[in-house]
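Student: I would like to go through this structure one question at a time. Please show it to me.

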Amino acid sequence: MSSSDQNTPRGPIDSSRIPRYAGPATFARLPRLDEVGTADIAVVGVPFDSGVSYRPGARFGGNAIREASRLLRPYNPAQDASPFALAQVADAGDIAANPFNINEAVETVEAAADELLGTGARMMTLGGDHTIALPLLRSVAKKHGPVALLHFDAHLDTWDTYFGAEYTHGTPFRRAVEEGILDTEALSHVGTRGPLYGKQDLTDDEKMGFGIVTSADIYRRGADEVADQLRQRIGNRPLYISIDIDCLDPAHAPGTGTPEAGGMTSRELLEILRGLSSCNLVSADVVEVAPAYDHAEITAVAASHTAYELTTIMSRQIAESRAAAQ
Ligand SMILES: N=C(N)NCCCC(=O)O
Ligand SMILES: [Zn+2]
Ligand SMILES: [Zn+2]
């Protein structure tokens, strides 16, 4: 039983009493999981970036997001909700994965996710590079069956192998389709753009069942229409949202490993997410924040607000299903 079943959830440290820049950072200044016992939503870091094909550094992403999240406040007006009052959200710390053995790291992440999901929590994961989406999806599918996937990214990440390696940050979603852990009726990439290896990349991707909303589609059609279309495709299927921060334009997210020009704004990303607030979001990740290339925490701030919107969607649903069960 989560602590929020018994009493009101323990929220963030009050920034009007203890300055928000004081003390070690947890996500949004929330309590640690060991301080509350169990949580409805576990925010967990995965400091792993051995799967990258270009600039490394996403292993430091989770902690950069936690640092940048000190300024988040308890009420989210865009979704008219106080996410940390509706559900117990807690920072579960980091999953320690082997940086020298990708296959072992993938197993470690899956096992740790099994453990967290096994407590009844939903996961809000802070990456890490995109390799980690595969073990996270495996774990989520063990619990919910094949899930709908919304994948925000400049890239398809459905390539086959890199240097013969199956588990990399450019290949998690091809592996996931091969393993049958995704609901192929409801797969979408959002924010796709940039040069590919060949036209075949798109043909292969389409065969796997993915639909694509390009970055230019968002610019032309607007966030509301895009969110409506995605919502219709997803329906009430259990949904996983994976957000590679490089879905944003490098102007909005310079701190990432494989930047591509011509991306959406952080405003567009947040608005699309808010338009999905009625979806059955079972877990989510925000990955590929590489702070060494960041400036003035631009990327980490965008990522912290992205995780905040995702957490709000989950906590609203937790509160709604609790109310419906009473
Ligand atoms: N950023 C992620 N996840 N993938 C990008 C892979 C692009 C490439 O190496 O061609
Ligand atoms: Zn990407
Ligand atoms: Zn990616």
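Student: Is Asp-224 buried or exposed?

Tutor: This is a predicted model, so the answer is read from predicted coordinates. Asp-224 sits in helix H10, residues 223-234. Its relative accessibility is 56%, and the cut-off for the outer class is over 50%. Asp-224 therefore counts as exposed.

Student: How far apart in space are Asp-224 and Ile-272, C-alpha to C-alpha?

Tutor: Along the sequence, Asp-224 and Ile-272 are 48 residues apart. In space, the distance between their C-alpha atoms is 6.5 Å.

Student: Which residues coordinate the zinc ion that is ligand 3?

Tutor: The donors of the zinc ion (ligand 3) follow the spacing H-x22-D-x3-D-x86-D along the chain. Their distances from the zinc ion (ligand 3) run from 2.0 to 2.2 Å. The residues are His-130 through ND1, and Asp-153, Asp-157 and Asp-244 through OD.

Student: How many residues apart are His-130 and Asp-157, and where does each lie?

Tutor: His-130 is in the loop between strand S3 (122-127) and helix H6 (133-144). Asp-157 is in the loop between strand S4 (147-152) and helix H7 (172-178). The pair links distant parts of the chain, at a separation of 27 residues.

Student: Are His-130 and Asp-157 buried or exposed?

Tutor: The class for low accessibility requires a relative accessible area under 20%. His-130 has 0%, and Asp-157 has 3%. Both values are under that cut-off, so His-130 and Asp-157 are buried.

Student: Which residues coordinate the other zinc ion, ligand 2?

Tutor: In sequence, the donor residues of the zinc ion (ligand 2) are spaced D-x1-H-x88-D-x1-D. The coordination distances are 2.1 to 2.4 Å. Asp-246 is listed with two OD entries. The residues are Asp-153, His-155, Asp-244 and Asp-246.

Student: Which residue bridges the zinc ion (ligand 2) and the zinc ion (ligand 3)?

Tutor: The two zinc ions lie 3.2 Å apart. The bridging residue has a relative accessibility of 0%, so it counts as buried. That residue is Asp-153.

Student: Which residue with a polar side-chain atom lies 2.9 Å from a nitrogen atom of ligand 1?

Tutor: Among the residues surrounding ligand 1 are Asp-244, Thr-258 and Glu-288. A polar side-chain atom of Asp-244 is 3.1 Å from a nitrogen atom of ligand 1, and for Glu-288 the corresponding distance is 3.3 Å. The residue at 2.9 Å is Thr-258.

Student: How much of the accessible area of ligand 1 does the protein cover?

Tutor: The space taken by ligand 1 is the second largest pocket. On its own, ligand 1 has 310 Å² of accessible area. Of this area, the protein covers 91%.

Student: What kind of peptide bond joins Gly-127 and Gly-128?

Tutor: Most peptide bonds are trans. Gly-128 is found in the loop between S3 and H6. For the bond between Gly-127 and Gly-128, omega is about 5°, and the bond is cis.

Student: What is the phi of Phe-163?

Tutor: Most residues other than glycine have a negative phi. Phe-163 is in the loop between S4 and H7, and at 92% relative accessibility Phe-163 counts as exposed. Phe-163 is not a glycine, yet its phi is positive, at about 50°.

Note on methods. Residues are numbered from 1 along each chain as its sequence is written. Chains are lettered from A and ligands numbered from 1 in the order in which they are written. This is a predicted model: local features need pLDDT of at least 70, side-chain atom pairs count only at pLDDT 80 or more; totals for chains, interfaces and linings use all residues. Side-chain values use heavy atoms; hydrogens and water are left out. Donors are N, O and S atoms within 2.8 Å of the metal (3.2 Å for Na, K and Ca); water is not among the atoms, so sites may look incomplete. Helices (H or I, at least four residues) and strands (E, at least two) are DSSP runs, numbered from the N terminus. Buried means under 20% relative accessible area, exposed over 50%, partly exposed in between (1.4 Å probe, protein chains only). A residue is near a molecule or strand if one of its heavy atoms lies within 4 Å of it. A polar contact is a pair of N or O atoms within 3.5 Å; within protein, one must be able to donate a hydrogen and the other to accept it, and residues adjacent in sequence count only if both atoms are side-chain atoms. Accessible areas come from the Shrake-Rupley method with a 1.4 Å probe; for residues, only the protein chains shown count as cover. On a 1 Å grid over the protein atoms alone, a cavity is a set of points where a 1.4 Å probe fits but cannot get out, and a pocket is an open set with protein on both sides within 12 Å along at least five of seven lines; lining residues have an atom within 4 Å of a point. A molecule sits in a cavity or pocket if more than half of its atoms lie within 2 Å of its grid points.
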